[in-house]
Amino acid sequence: MKKSKKFVLFINPKARNGTSIRELEFVGNLFRDNNIEHVIETSKYLEHAKELLLDDRYKDYNFFIIGGDGTLNNFIQNWQLLDDRILGIIPVGSGNDFSKNLNYTKNLKNDIQKLIHSINLDSITEINTGEVKIWEQGRDEPRTFQFINSLGIGFDAKVAYLNNTQKVLPGILNYILSVLKAVKSLTSFNASLKIDNKQFNSDAILITVGNGKTSGGGFYLTPKAQIDDDLFDFTIINPVSKLRLLKELPKALINTLEKVPEVSFYTGTNLELILDKPVYIHADGEILSDKCIKLSVVINKKKIKVYN
């Protein structure tokens, strides 16, 4: 089937603290200069992405997401409903963790030119995504979400909550500040885990499920993860003192977390998790709940096609 060369450029004007809108004219000009047919849509409300994906006007269009991991997460909640669309990513968010798996640079012009080159050559990578079902305290039925980069339970998700609700600094600086705030209320939990056929218990402050390598704008919590290997990487950090956490966590920024003895790494295709208390959980940095007591994670059978 001939691939469509028509595109919707979807921008989240609130990405990167509202500064992403400055890039829209620049991106549009590059598409026009290269004679690529496109329309521009600006995110107006939470369900807007879903409406556009299912809009008959755009049934033959592929989508370029101009935003960060949160905007991307919003889109992939409904991507499984589509047939054969191709996704393009122009990272202008605060963290842009997922784009790091596609070897993007920090030069927007170079990245867009690379994407335009990929469009012309039909250079496409098929990547994994995940589905998580969460059960919450006080709620009988589970809720289901999609994720493309990472899922975090415990300390990681509490940091994401603070980072999303208390933005006072740009990018990773705000994330580091959120880490410091979360350390003040550091707590551990007990988890009963089943990763594929391996079942065990663990006390932890953090459990991360990684499709991609980094979270939080550059923390290598699942450093060996690959977005196209049909596996998830799992990282568990056992309870440590606040002082030791502050000492060791920076190793995640320089990709040396493996040197910390309280950190364990696993791989698998699915996870079942029962917690002894309600905890925070995030998907791609977006908070799903602060009352999660049980969850299950699987790799989606259908892969997503992305320009690379």
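Two strands pair if DSSP finds at least two bridges between them. With that in hand, here are some close-up views of this predicted model.

**View 1. Strand 6 and its two faces.** Strand 6 covers residues 130-136. Gly130, Val132, Ile134 and Glu136 make up its covered face, while Glu131, Lys133 and Trp135 lie on the uncovered one.

**View 2. The hairpin of strand 6 and strand 7.** Strand 7, residues 143-147, runs antiparallel to strand 6, and 5 bridges pair the two. Look for glutamate 131, whose bridge partner in strand 7 is glutamine 146. The hairpin has 6 residues between the strands, and here glycine 138 adopts a positive phi near 85°.

**View 3. Strand 6 beside strand 15.** Strand 6 also pairs with strand 15, residues 286-299. This pairing is antiparallel too, with 7 bridges. To find your way, start from glycine 130 and step across to its bridge partner in strand 15, isoleucine 299.

**View 4. Serine 150 and its surroundings.** Serine 150 belongs to strand 8, which spans residues 150-154. Because its relative accessibility is 2%, serine 150 counts as buried, the cut-off being under 20%. Leaving aside residues up to four places away in sequence, serine 150 touches Val209, Ser215, His282, Ala283 and Asp284. With one of these, serine 215, the side chain of serine 150 makes a polar contact of 3.2 Å.

**View 5. From serine 150 to threonine 129.** These two residues are 21 residues apart along the chain. In space, 9.3 Å separates the C-alpha atom of serine 150 from that of threonine 129.

Terms used: Residues numbered from 1 in each chain as written. Predicted model: local features only at pLDDT ≥ 70, side-chain atom pairs only at ≥ 80, totals over all residues. Heavy atoms only, no water. Buried < 20%, exposed > 50% of the residue type's maximum accessible area, 1.4 Å probe, protein only. Helix = DSSP H or I, 4+ residues; strand = E, 2+ residues; numbered from the N terminus. Contact = heavy atoms within 4.5 Å. Polar contact = N/O pair within 3.5 Å; in protein donor to acceptor, adjacent residues only side chain to side chain.
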